[in-house]
Amino acid sequence: MEVTNQKVESDSSLESQSAKRRRRHTKRIVFSDSDSESDLSREDLLKVMADKEELLKGKDKAIEMIVLQRVYWMLQIIWLELLLLLKTVSQRLMHLKTLLEQCPFLKTLLEGVDMTEKQLLEVFKTSGVEKYDPTNEQFDPNRHNAAFQVPDASKPPGTIAIVLKPGYMLHDRVLRPAEVGVTVDMANE
């Protein structure tokens, strides 16, 4: 019986030590009647609360902007992947058109690929993705990638003479720049 009592006493002392340790590491907030009668007036407290609410609204707007930027970035990645798909479909379509002359039974396959390309272009259009062809525009490094230079005296230097790949815009942002050939001054060459 003594051994059991000693075990119970040691268990209870361990529990009380554990509880003391927990209390030491816990931040205690005590509210009393004297807390409500602080040095601040009611108007001051309301002003402090209004200021805190304004800070929270500002932080909410900042968080919302960060989320929107991430969503927009992800959408750009998706559209770039879809552009690669469109390129592949367009290339297959051109290849099938040349094969159609040799194998007339491929006509239904050609029609299917053609329909897929048209549907992709329609999805792009309704989602705000637009194809642009900058032929005869002034070169803009923000919208165009210059692949090579073209000596051409009939156009001013820096004019886009040839478009290798059209560009794509997502609303007002460049999704993929157009790949172009740009005219140069013949006298410098």
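**View 1. The structure holds four salt bridges, three of which are shown in these legends.** A salt bridge here is a side-chain nitrogen of Lys or Arg within 4 Å of a carboxyl oxygen of Asp or Glu. This is a predicted model, in which local features need pLDDT of at least 70 and side-chain atom pairs count only at pLDDT 80 or more, while totals for chains, interfaces and linings use all residues. Residues are numbered from 1 along each chain as its sequence is written, and side-chain values use heavy atoms, with hydrogens and water left out.

**View 2. Two salt bridges sit along helix α3.** D51 pairs with K47, their closest N and O atoms being 3.9 Å apart; the two are four residues apart in α3, and so about one helical turn separates them. K47 is exposed at 53% relative accessible area, whereas D51 is partly exposed at 42% (buried is under 20%, exposed over 50% and partly exposed in between, with a 1.4 Å probe and protein chains only). E54 and K57 also meet in a salt bridge, at 3.9 Å from N to O, and they lie three residues apart in α3. K57 is partly exposed, at 47%.

**View 3. Helix α4 has a buried side and an exposed one.** The helix covers residues 107-126 and reaches 29 Å from its first C-alpha to its last, close to the 28 Å expected at 1.5 Å a residue (1.5 Å times one less than the number of residues). Helices are DSSP runs of H or I with at least four residues, strands are runs of E with at least two, and both are numbered from the N terminus. L110, V113, E117, L120 and F124 are buried; they cover an arc of only 90 degrees around the axis, which puts them on the same side of α4 (the arc is that of the directions from the helix axis to the C-beta atoms). T108, K118, K125 and T126 are exposed on the other side. K118 forms a salt bridge with D114, at 3.4 Å between the closest N and O atoms.

**View 4. The largest nonpolar core has 15 residues.** Such a core is a set of buried Ala, Val, Leu, Ile, Met, Phe, Trp, Tyr and Cys residues joined through side-chain atoms within 4.5 Å. W79, F124, V129, Y168 and L175 touch the most other members. Helix α3 gives the largest share, six residues. Domain 1 (43-127) and domain 2 (129-188) both contribute, so this core lies between them (domain bounds come from an automatic or database assignment).
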